[in-house]
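Thanks for sending this one over. Here are my notes, in numbered points, to read alongside the model.

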Amino acid sequence: MRAKICGLTRVEDARAAEEAGAAFVGVILARGFDRTVEPRQAVEIGRSVGIPLVTVRVDEPFDLVVEEARSVGAGVVQLHGVEPPDLVRRLKEVGDWEVWKSVRVRSVGDAVEAFEAYRGVADGVLLDGWHPGRAGGTGRTFSWTDVSRVRSGLPEGTALIAAGGLTVANVSEAVRLLRPDIVDVSSGVESEVGIKDHAKVRAFIEAAGAAPAAG
């Protein structure tokens with residue numbers, strides 16, 4: 001089970017995540033969020049580790065997303081707004097990076113629609129908890145049981161990334177039910193906003209890796 005530690009703001013936290021076994025580190029480059037960092041900080045974080053850097057964007061101009069992805073050395077561009085499949089396709093064509101499309105799940109239908117809309121386009125579909133006024137980072141879960149029933153609808157070769165309210169206490173259950181390819185956590189391993197608790201990071205990755213997936 002691969003894990004992404006997101007919302008990083010400090011080099012020391014990125015290094016701790018890598019040492020704990022994380023497969024990805026993530027930074028928020030979208031403006032106006034609690035854990036937003038400047039491109040120069042993203043460069044420092046990305047260069048401090050040997051694993052892919054994920055840059056999170058929310059409904060921003062295409063040229064800006066591309067320019068900053070290139071400048072910080074992004075391995076993955078994660079789109080967390082209402083970006084259409086065509087924009088995802090264009091991003092894949094202009095850079096040597098993966099593109100993940102995040103979807104806020106209010107009902108199982110949201111997952112089904114996303115699987116179909118981004119079929120053959122996105123490298124990964126990230127399922128997050130829904131909040132009426134926030135694009136992500138809400139700490140809210142969605143119904144893993146409901147989505148598990150439609151898990152087979154995810155296109156072959158497309159990664160399923162589970163996010164939204166994951167913690168050390170519940171990641172095993174999420175893995176067991178959803179059988180994701182990647183689990184994504186931010187606030188669930190923090191001591192305060194933007195500051196990771198290294199013990200929680202280690203415990204989260206260990207719990208995710210030890211969880212048996214449902215058949």
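1. A definition to start with: two strands are taken to pair if DSSP finds at least two bridges between them. With that in hand, Ala-162 has Val-183 as its bridge partner in S8. Please keep in mind throughout that this is a predicted model.

2. The overall fold of the sheet comes next. Eight strands close into a barrel, and their order is S1-S2-S3-S4-S5-S6-S7-S8. The pairing is parallel. On average, and ignoring direction, neighbouring strands of this sheet are turned by 25 degrees against each other.

3. Now for some individual pairings. Strand S1, residues 2-5, runs parallel to strand S2, residues 24-28, and two bridges join them. Here Ile-5 has Val-25 of S2 as its bridge partner. Further along, strand S4 (residues 76-79) is joined to S5 by four bridges, and these two strands also run parallel. Gln-78 stands opposite Trp-100 of S5. As for S5 itself, which spans residues 98-105, the strand is mostly covered, with six of its eight residues buried.

4. Strand S7 deserves a paragraph of its own, since I looked at both of its neighbours. Which residues of strand S7 point one way, and which the other way? Ala-159 and Ile-161 point one way, Leu-160 and Ala-162 point the other way, and all of them are buried. As a general matter, side chains in a regular strand alternate between the two faces of the sheet. On one side, four bridges join S7 (residues 159-162) to the parallel strand S6, residues 124-129, where Leu-127 stands opposite Ala-162. On the other, two bridges join S7 to strand S8 (residues 182-185), again running parallel. Ala-162 therefore appears in both pairings, opposite Leu-127 and as the bridge partner of Val-183, given that pairing rests on DSSP bridges.

5. On to the helices. Two packed helices are described by the angle between their axes and the distance between the axes. For helix H7 (residues 171-178) and helix H8 (residues 198-210), the angle is about 30 degrees and the axes are 8 Å apart. Angles under 35 degrees count as roughly parallel, so H7 and H8 are roughly parallel to each other. Their crossing is right-handed. H7 contributes Val-171, Ser-172 and Val-175 to the contact, and H8 contributes Phe-204, Ala-207 and Ala-208. By class, the contact residues are five nonpolar, one polar and no charged.

6. A second helix pair is formed by H3 (residues 62-72) and H4 (residues 85-94), whose axes come within 11 Å and cross at roughly 35 degrees. The crossing of H3 and H4 is right-handed. From H3 the contact takes in Phe-62, Val-65, Val-66 and Arg-70, and from H4 Leu-87, Arg-90, Leu-91 and Val-94. The contact of H3 with H4 has six nonpolar, no polar and two charged residues.

7. One last residue for you to look at is Glu-190, in strand S9 (residues 190-192). Is Glu-190 buried or exposed? The relative accessible area of Glu-190 is 9%, and the cut-off for buried is under 20%, so Glu-190 is buried. Leaving aside residues up to four places away in sequence, Glu-190 touches Gly-7, Arg-35, Ile-195, Lys-196, Asp-197 and Lys-200.

Conventions. Residues numbered from 1 in each chain as written. Predicted model: local features only at pLDDT ≥ 70, side-chain atom pairs only at ≥ 80, totals over all residues. Heavy atoms only, no water. Axes fitted to C-alpha atoms, helices over the stretch in contact; angles between N-to-C directions. Parallel < 35°, antiparallel > 145°, perpendicular 65-115°, else oblique. Left-handed = near helix turned anticlockwise from the far one by under 90°. Contact = heavy atoms within 4.5 Å. Nonpolar A, V, L, I, M, F, W, Y, C, P; charged D, E, K, R; others polar. Buried < 20%, exposed > 50% of the residue type's maximum accessible area, 1.4 Å probe, protein only.
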